Amino acid sequence: MQERARDTRRALISAASELLARGGPAHVTLRAVGAAADVSRTAPYRHFRDKDDLLSTVAVESLIFLRAEMQRAAANSDAASTPLFRACLAYVRVAWECPNHYRLEFGGDYAFKPSGVLEVAAVDFNQYFQELVIEAQQSNTLIADDIRDVGPLLWVMLHGLAMSNHLVADQPCETGTGYGAEDLPRVLALALRNLAPR
């Protein structure tokens, strides 16, 4: 019975994530998620208090995925770049590939009450990001000023790049505007150059 409940919960989270990817938070309702997961109408209400609870769960999984992608990229010693550059590249790449998930986590265009689990995941992500900044400062890749200044400055730069191609996901930029994936390494290198020690 417990295994079946876990499977149902997993199916609901997956369905919510797919609906979010296709149409943003407005497309995620408990009824639509239940239908997409092919479960009873009442099943979503047995697993989640409300839409905010469900979206918080999706956001937690997205944050964990983002952190894992950044860590994997930073640890890739085959690449001819710094761990900081690779982690930042992964951050923006994931944001571009999953714009509605990114905007749910960081964009602020849909206000919802985060769950305690999401707040913990956000603290964990911020801790990892701070560790990344400290390691880059210690390896002389990033300016050695106060981390309380450098960390937010780096994040603002990454957030700007992340949002540059999807300020409004359902109203894409005109053809020929914005960045392509092939532009990202060049633009990120330029941005990080301004935060490098002189």
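## Cysteines, core and a helix pair

C88 is buried (under 20% relative accessible area, 1.4 Å probe, protein chains only), with a relative accessible area of 0%. This is a predicted model in which local features need pLDDT of at least 70 and side-chain atom pairs count only at pLDDT 80 or more, while totals for chains, interfaces and linings use all residues. Residues are numbered from 1 along each chain as its sequence is written, and side-chain values use heavy atoms, without hydrogens and water.

Two cysteines compare as follows.

| Residue | Relative accessible area | Class |
|---|---|---|
| C88 | 0% | buried |
| C98 | 27% | partly exposed (between 20% and 50%) |

The structure holds 0 disulfides, a disulfide being a pair of cysteine sulfur atoms within 2.5 Å.

C88 is among the residues of α5 that meet α8, together with L84, Y91, V92, A95 and W96. From α8 the contact (heavy atoms within 4.5 Å) takes in L154, W155, L158, H159, L161, A162 and S164. These residues divide into 11 nonpolar, 2 polar and no charged. The axes of α5 (residues 83–97) and α8 (residues 147–164) come within 8 Å and cross at roughly 35 degrees, in a right-handed crossing. The axes are lines fitted to C-alpha atoms over the stretch in contact, with angles from 0 to 180 degrees between N-to-C directions.

The largest nonpolar core (buried nonpolar residues joined through side-chain atoms within 4.5 Å) has 58 residues, of which M70, Y91, L154 and L158 touch the most other members. Leaving aside neighbours within four places in sequence, M70 is in contact with A87, A90, Y91, F125, Y128, F129 and L132.

Note on methods:
Helices (H or I, at least four residues) and strands (E, at least two) are DSSP runs, numbered from the N terminus. A crossing is left-handed if the near helix is turned anticlockwise from the far one by less than a right angle, and right-handed if clockwise. Ala, Val, Leu, Ile, Met, Phe, Trp, Tyr, Cys and Pro count as nonpolar, Asp, Glu, Lys and Arg as charged, and the others, Gly among them, as polar.
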